[in-house]
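User: Could you take a close look at one part of this model for me, the helix packing, and then tell me how the surroundings fit in? Keep it relaxed, but be specific about residues.

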Amino acid sequence: MSLLQVSNLTFCYEGSFDNIFEEVSFSIDTNWRLGFIGRNGKGKTTFLNLLLGKYEYTGSISTDQHFDYFPYKLSDSEMNLTADELVETWKPGVESWKVICELNKMGVDCELLYRPISTLSFGERTKVMLAVLFSGENEFLLIDEPTNHLDRNGREIIKNYLREKQGFILVSHDRDLLDAVTDHCLVLNRSSIEVVSGNFSTWWENKEKADAFARSENEKHLKEIGKLRSSADRAGRWADKNENTKIGYDPIKEHDRSISTRAYIGAKTKKMQSRVKNFEKRIEREIEEKEGLLKDIESVDDLKLMPLRHHKKCLVECRDFSLRYSDSSENTLNNLTFQLLQGDILFLSGENGCGKSTLIKAILTAAEYGNNTNIPRDKEAIMVTSGSMELASELTISYVNQDASKLTGSLKKYAEDHKLDYSLFLTLLRKLDMNRIQFEKNIEEYSEGQKKKVLLAASLLTPAHIYIWDEPLNYIDIFSRMQIEQLIETCKPTMIVVEHDTRFREKLKAKKLEL
């Protein structure tokens, strides 16, 4: 057993307004399968980079373990090399037969090692990199969101593979994956860090109970503080009123009043004032006990959506629709027949490369949505279609691209370019738990999850007949996923969604189109 001990860790990026970590201390066992949970922008990837020694910090991080990190970085020139040629760069000294053994455990053909990286899908790259990652010895492995962009089958392979491993930190927002492969959780709360035993569901169940207790205690303290303030105010008014009777009196009404009465009134007033001070001390104690009760509660604001109503019931209809690109002899889509009715939520399902994004592009093109620069397009290949695709006239579509990495510039410029109300845009980002400090930064400085929230906020602010979201939850934190689930359940917009998060799909109970 080996420990990773963090003591009084403090870190902020150069020129930043706020600390990412401040006086943080905890310890973890490097044999654990540790799930790393926290909001977007809380510092999960930053902490992994601190372990790798990429940044300077104050405090200490001590362990006798070596670290390795997934995913391995790839330059443009390396995209033309094979994984076998890159193995020595990724993990010096690793033996190829060990990598092949790890690929076999995932049920993956070792020929992937000998194909150029550029020809591999996201899923294939992930499997190869994980095989290399686990081919070493005596290492504590740092795994950063391995299931992004993977289809359901790919996620199952990764889940079953990691379930048999130990000695890693897994950053993921996939609740199903966290439940299946982790035995402890490292949680970045709003104002604290905790290490707990169990998987995500165990932690979440305990957190809901703790939050409910904290709210109950907070309510109890608020009521007690209210009662004490009311009593203190009443006693104070009595004391003031009594004090005012010391000087001056009506000799007719108070004919029996003697000179000693003034001293008696003073003593009585002093007693009442002492009672007021006791009330104030008790109020201070109650406030002190109340402080901190709600500091780590994850409360989410309700989101709103303004879907447009169309006069037609059927918004999209395909009959025997097939599509291929002009530079290919094979169809990407074959004989699709389906209807999208108003109020439907349609999940596009299938393996990576089966044509989900292609179908979305075809719908956007048919809706004359092609002037939007966010839509992925092929520079040379032309879509060649057969069969029919019919869309209701004058459809307004709100689209979320799966790739947010190219966003740049200020939020204000982004809002102007997309004709969004800037104040409402910022309000919605706040509801998605974006800190106001982030509003002063350019979007390229955001985490990947925060960039995705920019796209989602823009979509939510756009009244539309159809919302088309292509992998909207990649990099989005667990709490925001639940928030978006609640929004869709409540507002029931017409949607076409590509998303591989199992819990998200189960929650919405939507229609499924298998490609």
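Analyst: Here is a walk through the helix pair H2 and H4, followed by a buried residue of H4, a residue of H6 and the sheet. Keep in mind that this is a predicted model.

Let's start with the pair itself. Helix H2 covers residues 83–90 and helix H4 covers residues 122–133. Their axes sit 11 Å apart, and the packing angle is about 40°. That angle is over 35 degrees and below the 65 to 115 range for roughly perpendicular, so H2 and H4 count as oblique to each other. The crossing of H2 past H4 is right-handed. On the H2 side, the contact is made by Ala83, Val87 and Trp90, while H4 brings in Val128, Met129 and Val132. Sort those residues by type and you get six nonpolar, no polar and no charged.

Now stay on H4 and look at Thr126, which is found in this helix. Is Thr126 buried or exposed? Its relative accessibility is 8%, and the cut-off for buried is under 20%, so Thr126 counts as buried. Setting aside neighbours within four places in sequence, Thr126 is in contact with Phe70, Pro146, Leu150 and Ile158.

Pro146 is a handy link to the next stop, as Leu177 touches Pro146 too. Leu177 is found in helix H6, residues 175–181. With a relative accessibility of 2%, Leu177 counts as buried. Besides Pro146, Leu177 touches Thr147, Lys159, Leu170 and Ser172, leaving out residues up to four places away in sequence. Take Lys159 from that list: Leu177 and Lys159 are 18 residues apart along the chain, yet their C-alpha atoms are separated by 5.9 Å.

That leaves the sheet. Three strands form an open sheet in the order E2-E1-E4, with antiparallel pairing. Strand E2 (21–29) and strand E4 (58–62) are the edge strands, each pairing on one side only. On average, neighbouring strands here are turned by 10° against each other, direction ignored. Strand E1, residues 3–11, pairs with E4 in the antiparallel sense over four bridges. If you want a spot to zoom in on, Ser7 stands opposite Ser60 in E4. There is a helix to look at here as well: H1, residues 44–51, lies across E1, E2 and E4 and runs at about 115° to E1.

Conventions. Residues numbered from 1 in each chain as written. Predicted model: local features only at pLDDT ≥ 70, side-chain atom pairs only at ≥ 80, totals over all residues. Heavy atoms only, no water. Helix = DSSP H or I, 4+ residues; strand = E, 2+ residues; numbered from the N terminus. Buried < 20%, exposed > 50% of the residue type's maximum accessible area, 1.4 Å probe, protein only. Contact = heavy atoms within 4.5 Å. Pairing = 2+ DSSP bridges. Axes fitted to C-alpha atoms, helices over the stretch in contact; angles between N-to-C directions. Parallel < 35°, antiparallel > 145°, perpendicular 65-115°, else oblique. Left-handed = near helix turned anticlockwise from the far one by under 90°. Nonpolar A, V, L, I, M, F, W, Y, C, P; charged D, E, K, R; others polar.
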